[in-house]
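I opened this structure to look up a few things for myself, and I kept notes as I went. The entries are set down by topic.

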Amino acid sequence: MFHPLLLFLLVQFCKLVSVWSVVLDTRSAHDKHGIRAEACAELINHGSHFGVEVEVGTPGQKFDVVADTGSNTFIIPSCQCMVSGACNKDDRCFIGTNRSSTFKLSQGPHGPMPMYLSFGSGSIAGVQAEDIVQVGQMKQYMQKGLMLMTNHALTFKSAFEGILGLGIPIAKVTPPANTDQRKKATAGVSSERIQEIIKKILGGGIKGVSGAGHLSNGNDAWPQAVARMLPNSPPGFLEQAGVDRFSMCFNDGRNGVLRLGPPRLENSHASVGVVHWGLGMSGISIGTSTVPLQICTASSMRKDQMTACGAIPDSGTTMITGPRAQLSVLFEAICDSWPRCKQNHTALMKAAEAAETAAKDAYGGVDPFGIKVGNSSKEIVLKLVLSDCTQWLSDGNGLGELPDLHFHITGASGTAQKLSLSAASYILETHRQQGPNGSSDKPSIQRVQATSINKMCMPAFQEMEYNTVMNGPVWILGTPFFYDYQVGYDMGTTPASVSFASVAESPCGSCNKKAGLVTSDVSTGAAATSQRVRWPRWLPGAPREPRIDVSQPL
């Protein structure tokens with residue numbers, strides 16, 4: 001029988017061997033100049049958004065996480081989060097001790113290190129740990145830390161198994177000013193409760209603790225401890241792996257591609273944002289018109305403003321978001337440029353005029369009903385005609401009847417580019433059924449499951465008021481842009497930069513999981529675009545909301 005001390009030393013030696021094998025693999029993945037070789041990972045198509053499968057620990061535990069360009073931390077839920085009731089018990093969770101031979105909790109001056117992160121939709125609390133993380137064929141021992149989530153104040157419409165923070169323009173974390181929000185996520189976690197959670201994580205077991213319940217309110221010890229830790233929040237996966245460039249693109253009806261360490265971006269735009277991957281937007285034009293709409297114009301800028309509008313390319317947001325007033329202008333212009341919509345609006349105007357005349361005849365020259373139809377009704381008509389798309393999609397050109405939209409973006413160094421979307425990109429097809437809480441909670445249904453009477457179309461736009469001092473109203477360039485462009489991000493330039501390469505010219509392709517390399521596929525380029533000119537993409541359920549803090553500057 002082994003002596004206990006000898007057995008302990010043997011276990012520690014095995015852990016050291018596992019860690020160093022990953023370190024050596026990491027070194028061999030770099031070329032002779034020290035540059036990491038290009039790799040890829042599949043982006044899993046969930047309809048409203050895309051996730052990426054990662055493995056954590058030895059042996060690997062798999063998670064379907066959100067690939068997030070708005071954060072810089074790798075986060076997975078600890079099983080203690082499920083036990084406490086703060087996380088969904090049906091989601092996968094991570095067990096470190098007694099499950100992963102390469103796991104350990106990070107140690108600070110006062111022991112294990114609590115963590116806190118704030119997102120636009122809420123906050124996350126947890127502890128810092130170290131382990132091996134694999135994304136595609138790229139492995140990295142996260143010696144500088146990852147986050148085990150133990151509590152959160154986020155609202156998830158679907159399964160949540162973690163976040164792969166891909167990096168932000170300036171990886172600088174500042175303590176959140178919103179104390180109420182901080183308390184909500186970390187509500188009442190006393191120092192004793194912190195130690196209890198850490199002991200259970202170290203113990204590795206989750207039995208006999210079902211009475212933990214939700215965390216109670218009233219104690220500020222955890223937020224105070226967290227505030228001290230924020231300046232030392234761990235760098236993300238790519239930063240620890242020495243990768244400063246990545247790109248993302250989506251494929252319709254199948255998985256997309258996350259490229260890690262691709263070649264230096266061409267025709268890139270320097271980010272005007274420091275909190276987000278932000279660009280300027282100087283207007284939107286429609287169809288063949290070269291005159292932009294009265295949206296994001298130079299005349300709307302204040303004296304000290306840098307850009308008329310801001311734009312954030314965000315793969316985690318289903319829709320394109322913008323301020324209500326500007327969306328109304330856009331919808332009216334689309335209706336004016338689409339004969340079917342314009343004809344329906346004209347018919348509505350004539351019907352209203354006839355009704356007004358009849359009312360005046362009946363009431364002595366006075367219209368007591370105030371029957372009027374103005375330009376604002378064009379937006380209503382547009383949405384009504386789209387909602388009835390099953391009646392006309394098969395006629396003539398289908399969605400080809402609608403005009404293309406052109407978004408004019410700019411970089412900090414004066415670069416400019418026109419990003420064009422066809423109607424097949426900015427119109428979505430979905431089902432009418434709603435959930436118990438309305439459209440935001442409607443169930444997920446595939447296209448083949450929906451009957452023609454339940455199908456409807458809608459513009460892929462959503463209202464969101466996000467106003468900044470230096471960059472004006474901010475638009476979120478959601479998933480439609482990632483279907484039509486390979487969107488690249490480069491943290492290695494000063495400032496950080498963003499690029500857009502049309503998939504018609506540079507197809508998205510697919511990721512070979514075994515080789516970790518991208519394979520080309522012509523069906524994802526111009527051929528695929530022409531095949532779906534008539535039919536919009538299918539949105540199976542509720543759109544994924546933006547998780548951006550609108551109180552922050554761009």
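What follows are my entries on disulfides, salt bridges, one sheet and one surface patch.

**Entry: the kind of model**

I noted before anything else that this is a predicted model, and I kept that in mind for each entry below.

**Entry: disulfides**

How many disulfides does the structure hold? I found 7 disulfides, and I looked up three of them in detail.

I began with C81 and C87, which form a disulfide with their sulfur atoms 1.9 Å apart. The torsion about the S-S bond of C81 and C87 is about 70°, so I wrote this link down as right-handed. When I looked up the accessibility of the pair, both C81 and C87 turned out to be buried.

I then turned to C296 and C309, whose sulfur atoms lie 2.1 Å apart in a disulfide. Here I read -90° about the S-S bond, and the link of C296 and C309 is left-handed. I also looked up where the two ends sit: C296 is in the loop between β17 (279-286) and β18 (309-313), while C309 is in strand β18 itself, and the pair, 13 residues apart, links distant parts of the chain. Both C296 and C309 are buried.

The third disulfide I looked up joins C335 and C341, with 2.0 Å between the sulfur atoms. Its torsion about the S-S bond is about -95°, so the disulfide of C335 and C341 is left-handed. Are these two cysteines buried or exposed? C335 counts as buried because its relative accessibility is 1%, and C341 counts as buried because its relative accessibility is 0%; the cut-off I applied is that buried means under 20% relative accessible area.

**Entry: salt bridge of R92 and E161**

My next search was for salt bridges, and I found that the structure holds 10 salt bridges. I picked out R92 and E161, which form a salt bridge with the closest N and O atoms 2.9 Å apart. This pair links distant parts of the chain, for R92 is in the loop between α2 (79-84) and β5 (104-105), E161 is in the loop between β12 (146-152) and β13 (163-165), and the two are 69 residues apart. I compared the burial of the two partners: R92 is partly exposed, with a relative accessible area of 36%, whereas E161 is buried, with a relative accessible area of 9%.

**Entry: salt bridges around E379**

I next looked up E379, and I found its side chain meeting that of R324 in a salt bridge, at 3.3 Å from N to O. The pair links distant parts of the chain, with R324 in helix α7 (residues 324-337) and E379 in helix α9 (residues 376-387), 55 residues apart. R324 is partly exposed, with a relative accessible area of 32%, and E379 counts as buried because its relative accessibility is 7%.

E379 also forms a salt bridge with K383, where the closest N and O atoms are 3.1 Å apart. I checked the spacing of E379 and K383 and saw that both lie in helix α9, 4 residues apart, which is about one turn of the helix. K383 counts as partly exposed, at 35% relative accessibility. Which residues are joined into one network by salt bridges that share partners? I wrote down R324, E379, K383 and E463.

**Entry: an open sheet**

I then followed an open sheet of 3 strands, and I recorded its order as β23-β22-β31, with mixed pairing. The edge strands are β23 (455-459) and β31 (537-538), since each of them pairs on one side only. Strand β22 (residues 427-431) is joined to β31 by 2 bridges, and these two strands run parallel. I also noted that L428 stands opposite R537 in β31.

**Entry: a surface patch**

My last search was for nonpolar residues on the surface, where I found a patch formed by M306, V469 and M470, with about 280 Å² of accessible area together. I looked up one of its members more closely: M470 is found in the loop between β25 (467-468) and β26 (472-477). M470 is partly exposed, because its relative accessible area is 34%.

Methods
Residues numbered from 1 in each chain as written. Predicted model: local features only at pLDDT ≥ 70, side-chain atom pairs only at ≥ 80, totals over all residues. Heavy atoms only, no water. Patch = residues over 30% accessible without salt bridge, like charges linked within 9 Å, V, L, I, M, F, W, Y side chains within 5 Å. Areas by Shrake-Rupley, 256 points an atom, 1.4 Å probe, with all protein chains shown as cover. Salt bridge = Lys/Arg side-chain N within 4 Å of Asp/Glu carboxyl O. Buried < 20%, exposed > 50% of the residue type's maximum accessible area, 1.4 Å probe, protein only. Pairing = 2+ DSSP bridges. Disulfide = S-S within 2.5 Å.
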